[in-house]
Amino acid sequence: MALTIADLHKKKAAGEKISMITTYDATFARLVEKAGIDMILIGDSLGNVIQGRPNTLAVTVEDVIYHSQCVMRGCSTPFVVTDMPFGSYQTSDEDGVRAGIRILKEGGTHAVKIEGGARVVPLVTRLVQAGVPVMGHLGLTPQSVNTLSGYHVQGKGGEADVIASDALALQRAGCFSLVLECVPRALAKRIQDSLDIPVIGIGAGPDCAGQVLVLQDALGLSASAPKFVRKFASIAELSTNALRDYAQAVRDGSFPADTESYH
Ligand code: KIV
């Protein structure tokens, strides 16, 4: 039985931190579930870490639905959120509602995530009314990388007040939670303290109700990662060494052994 929004809100009220990680396939979904992680995000970061693109802009609704289906075949207990990709909701609220409903119907996940503040409030309201739970995303919003002139810490100056008021507006519109990315620790604390809903931070310090990381960054599979990432393992090294051993064993004829053959 999957965690629910009510369970997440209870955790926040009890001061129990919420763990979230991005996942894009069934194999890792199984491991994430086994590790007891509360929430999974099928992030449009799949554009970077799965598709090898420089940013998330080319990711499509079809892409996120495909990866949502893969993840949902691998787990049943985490609460699973799918990113609404760039272009699926910026054109009109009608397009956004259609895309959100399609993602839940075809992807099978529990909620969608949308980047943006006041601009997306009418869409959040309509999605929630339509039965699509929405997670907000403020601070560094990677779909606006070109407008923001790159990936930088947000909310260091006057825009801190805008982010704080956007957070309140998203809660009022019905978001059950929001991601806060790459903002100063003090701003994240101010925002979490002003909200009832859980803020899930990434590069936002320890005062949020929960934390999210990109799976490949946390496992040490990414070529490079931002300052806020902690590498909890060195899977790239482990994998390269294992693959080198495999190649060597094939070359020197020690694999497959007789015991690895059929008789
Ligand atoms: O796409 C993604 O992985 C995200 C996280 C960085 C929060 O939005």
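Thr22, Leu41, Gly43, Asp44, Ser45, Asp83, Lys113, His137, Val179, Glu181, Ile202 and Val214 surround the ligand. Each such residue has a heavy atom within 4 Å of the ligand. This is a predicted model, in which local features need pLDDT of at least 70, side-chain atom pairs count only at pLDDT 80 or more, and totals for chains, interfaces and linings use all residues. Residues are numbered from 1 along each chain as its sequence is written, and side-chain values use heavy atoms, with hydrogens and water left out.

## The ligand site

By class, the shell splits into four nonpolar, four polar and four charged residues. Here Ala, Val, Leu, Ile, Met, Phe, Trp, Tyr, Cys and Pro count as nonpolar; Asp, Glu, Lys and Arg count as charged; the others, Gly among them, count as polar.

Asp44, Ser45 and Lys113 each place a polar side-chain atom by a ligand oxygen. For Asp44 the distance is 3.0 Å. For Ser45 the separation of the side-chain N or O atom from the ligand oxygen is 2.5 Å. For Lys113 it is 2.9 Å. The ligand taken alone exposes 260 Å², and the protein buries 95% of that. Accessible areas come from the Shrake-Rupley method with a 1.4 Å probe; for residues, only the protein chains shown count as cover.

Thr22, one of the shell residues, sits in strand S1 (residues 18-22). Helices (H or I, at least four residues) and strands (E, at least two) are DSSP runs, numbered from the N terminus. Thr22 has a relative accessible area of 2%, so it is buried. Buried means under 20% relative accessible area, exposed means over 50%, and partly exposed lies in between (1.4 Å probe, protein chains only).

The side chain of Thr22 makes a polar contact of 2.8 Å with the side chain of Tyr24. A polar atom of the Thr22 side chain also lies 2.9 Å from the backbone nitrogen of Leu215. A polar contact is a pair of N or O atoms within 3.5 Å; within protein, one must be able to donate a hydrogen and the other to accept it, and residues adjacent in sequence count only if both atoms are side-chain atoms.

## Salt bridges

How many salt bridges does the structure hold? The count is 10. A salt bridge is a side-chain nitrogen of Lys or Arg within 4 Å of a carboxyl oxygen of Asp or Glu. Side chains of opposite charge can pair when their charged atoms come close.

Among the salt bridges are three pairs that join helices.

| Pair | N to O distance | Separation in sequence |
|---|---|---|
| Arg102 and Glu62 | 3.0 Å | 40 residues |
| Arg126 and Glu94 | 2.7 Å | 32 residues |
| Arg190 and Asp161 | 2.9 Å | 29 residues |

Take Arg102 and Glu62, which form a salt bridge. Arg102 belongs to helix H5 (residues 93-107) and Glu62 to helix H4 (residues 61-72), so the pair ties together parts 40 residues apart in sequence. Arg102 is partly exposed at 29% relative accessibility. Glu62 is partly exposed too, with a relative accessible area of 45%.

Next come Arg126 and Glu94, whose side chains meet in a salt bridge. This pair links helix H6 (residues 121-129), home of Arg126, to helix H5, where Glu94 lies. Arg126 is partly exposed at 34% relative accessibility. Glu94 is partly exposed at 41%.

The side chains of Arg190 and Asp161 also meet in a salt bridge. Arg190 lies in helix H8 (residues 185-194), and Asp161 lies in helix H7 (residues 159-173). Arg190 reaches 40% relative accessibility and counts as partly exposed. Asp161 has a relative accessible area of 47% and is partly exposed.

A network of salt bridges links Lys11, Glu16 and Asp38.

## Domains and distances

The chain is divided into domain 1 (5-232) and domain 2 (234-263). These bounds come from an automatic or database domain assignment. The domain centres, taken over C-alpha atoms, are 38 Å apart.

Gln248 lies in helix H10 (residues 235-251). At 41% relative accessibility, Gln248 is partly exposed. Gln248 and Leu168 are 80 residues apart in sequence, and their C-alpha atoms are 58 Å apart in space.

Is Ile114 buried or exposed? Ile114 is buried, at 1% relative accessibility. Its place is in strand S4 (residues 111-115). Ile114 and Leu178 are 64 residues apart in sequence, with 9.1 Å between their C-alpha atoms.
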